[in-house]
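Here are my notebook entries from a session with one model. Pull up the view and follow along.

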Amino acid sequence: MVDQLRLALPTMRIILVTPPPIDGPKLAALYKEKTKGMDDGGKRDLATVAAYAVVVREVAERKGCDLADAHAA
C-alpha cells in the first residue's frame, strides 16, 4: 500500500502509526457493553497488539516512512 500511495501522490509524507497497548479484558468488557453483548472486540490482547506494532515498525523502516509509535509511548 505504501508503494501505491507513493506512486499516486509522490510528494505526500507517509506516517505509519502503531496501535497503542491495550488491556484485553477491559477492552472486551467495553465492546460487550457498547454492543449489548454482540461483540467482544475480536479477542484482542496485549500480545497480539504488540506483534502488530513490531510489524508496523518494520514496514516503516523498510519503506522509509515516518513512524508515530503509540505502542511505545
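**Entry 1: H71**

I started with H71 and asked whether this residue is buried or exposed. H71 has a relative accessible area of 18%, so the residue counts as buried, the cut-off being under 20%. I should say right away that the model is predicted.

Next I looked up where H71 sits, and found it in the segment after β2, the strand that spans 66-68. Then I listed what H71 touches, leaving aside neighbours within four places in sequence. The contacts are T18, P19, P20 and P21, then L46, V49, A50 and A53, and finally R57. To place part of that list, I noted that α3 covers 46-63.

**Entry 2: the whole chain**

I stepped back to the fold. I found three helices and two strands in the protein chain, and from the N terminus they run α-β-α-α-β.

For overall dimensions I checked the radius of gyration. The protein chain has 16 Å, whereas a compact globule of 73 residues would have one near 11 Å. The box filled by the C-alpha atoms, taken along the principal axes, is roughly 45 × 25 × 15 Å.

I also noted the surface: the chain exposes about 5500 Å², with 62% of that supplied by carbon and sulfur atoms. What share of the 73 residues counts as buried? I read off 21%.

For contact range, I took contacts between residues at least 6 apart in sequence; 62% of these join residues at least 24 apart. Last on this page, charges: there are 11 positive and 10 negative ones, and their mean positions lie 4 Å apart.

**Entry 3: the nonpolar core**

Which residues make up the largest nonpolar core? I wrote down six: V2, I14, L16, V56, A60 and C65. In soluble globular proteins, nonpolar side chains do tend to be buried together.

I then followed C65 on its own. Leaving out neighbours within four places in sequence, C65 is in contact with V2, I14, L16 and A60, and also with R6.

**Entry 4: the two strands**

I moved on to I15, which belongs to strand β1, residues 15-17. Its relative accessibility is 49%, so I15 counts as partly exposed, as exposed would need over 50%. Beyond residues up to four places away in sequence, I15 touches D66 and A68. I15 and C65 are 50 residues apart along the chain, yet their C-alpha atoms are separated by 5.8 Å.

A68 came next, in strand β2. With a relative accessible area of 32%, A68 is partly exposed. Its contacts, with residues up to four places away not counted, are I15, L16, V17 and T18. For a second distance I paired A68 with A51: they are 17 residues apart in sequence and 16 Å apart in space, C-alpha to C-alpha.

**Entry 5: K36**

I closed with a backbone check. Most residues other than glycine have a negative phi. K36 goes the other way, with a positive phi near 55 degrees. I located K36 in the loop between α2 (24-34) and α3 (46-63). Is K36 buried or exposed? Its relative accessible area is 78%, so I logged K36 as exposed, the cut-off being over 50%.

Methods: Residues are numbered from 1 along each chain as its sequence is written. This is a predicted model: local features need pLDDT of at least 70, side-chain atom pairs count only at pLDDT 80 or more; totals for chains, interfaces and linings use all residues. Side-chain values use heavy atoms; hydrogens and water are left out. A nonpolar core is a set of buried Ala, Val, Leu, Ile, Met, Phe, Trp, Tyr and Cys residues joined through side-chain atoms within 4.5 Å. Buried means under 20% relative accessible area, exposed over 50%, partly exposed in between (1.4 Å probe, protein chains only). Contact means heavy atoms within 4.5 Å. Helices (H or I, at least four residues) and strands (E, at least two) are DSSP runs, numbered from the N terminus. The radius of gyration is taken over C-alpha atoms; the globule rule is 2.2 Å times the number of residues to the power 0.38. Accessible areas come from the Shrake-Rupley method with a 1.4 Å probe; for residues, only the protein chains shown count as cover. Lys and Arg count as positive and Asp and Glu as negative; His and the chain ends are not counted. The place of a charge is taken as NZ of Lys, CZ of Arg, CG of Asp or CD of Glu.
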